Amino acid sequence: MTDITACMRCGSAALRMPGVRDGVLVGLGQDLSRMACQRCDLTAVPITFDDEQARQAYEAERAKD
C-alpha cells in the first residue's frame, strides 16, 4: 500500500520540492521532509493518508473552511 501525501492547509496532493522561490536555498540546511504546495503555496511537512479517498475527504473538509 502506498501512502498519499497532501498539504496540511488545503489537502491538495500537488506537492513539489521547495526551491528558491519558496525562500529555500537549495543545499544550505534544506529540510528534505518539507514540501511546497502548488495550490496554496504553503511550505511545510505534508500529512499522510492511507488512501486517496481519505485525502479527498480531508480536502473537501478543508474547502469548507
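This is a short tour of one predicted protein model, from its overall layout down to a few residues.

## The overall layout

Let's start with the chain as a whole. Its secondary structure adds up to 1 helix and 5 strands. Going along the sequence, you meet them in the pattern β-β-β-β-β-α.

The chain has 65 residues, and 32% of them count as buried. Its accessible surface is about 4,400 Å², with 53% of that belonging to carbon and sulfur atoms. As for contacts with a separation of 6 or more, 52% of them link residues 24 or more positions apart.

## The nonpolar core

Which residues make up the largest nonpolar core? There are 7 of them: Cys-7, Cys-10, Leu-15, Met-35, Cys-37, Leu-42 and Ala-44. In soluble globular proteins, nonpolar side chains tend to be buried together.

Met-35 is a handy one to pick out of this group. Setting aside residues up to four places away in sequence, Met-35 touches Leu-15, Arg-16, Met-17, Pro-18, Leu-42, Thr-43, Ala-44 and Pro-46. Leu-15, Leu-42 and Ala-44, like Met-35, are listed in the core.

## Ser-12, tucked into a loop

Now for the loop between β1 (4-6) and β2 (15-16), which is where you'll find Ser-12. Is Ser-12 buried or exposed? Its relative accessibility is 4%, so Ser-12 counts as buried, the cut-off being under 20%.

What does Ser-12 touch, if you skip residues up to four places away in sequence? The list runs to Ala-6, Cys-7, Cys-37, Arg-39, Arg-55 and Glu-59. Two of these, Cys-7 and Cys-37, also appear in the largest nonpolar core.

## Arg-55 on the helix

Arg-55 sits in helix α1, which covers residues 52-64. With a relative accessible area of 7%, Arg-55 is buried.

Leaving out neighbours within four places in sequence, Arg-55 is in contact with Ile-4, Thr-5, Ala-6, Gly-11, Ser-12, Ala-13 and Phe-49. Among them, Ile-4, Thr-5 and Ala-6 fall within the β1 range (4-6), and Ser-12 is the loop residue we just visited.

## Phe-49 on the last strand

Phe-49 belongs to strand β5 (residues 47-49). Its relative accessible area is 11%, so Phe-49 is buried.

Where does the chain bring Phe-49? Its C-alpha atom is separated from that of Asp-3 by 5.7 Å, though the two residues are 46 residues apart along the chain. Not counting neighbours within four places in sequence, Phe-49 is in contact with Asp-3, Ile-4, Ala-6, Ala-54, Arg-55 and Tyr-58.

How values were computed. Residues numbered from 1 in each chain as written. Predicted model: local features only at pLDDT ≥ 70, side-chain atom pairs only at ≥ 80, totals over all residues. Heavy atoms only, no water. Helix = DSSP H or I, 4+ residues; strand = E, 2+ residues; numbered from the N terminus. Buried < 20%, exposed > 50% of the residue type's maximum accessible area, 1.4 Å probe, protein only. Contact = heavy atoms within 4.5 Å. Areas by Shrake-Rupley, 256 points an atom, 1.4 Å probe, with all protein chains shown as cover. Core = buried A, V, L, I, M, F, W, Y, C linked by side-chain atoms within 4.5 Å.
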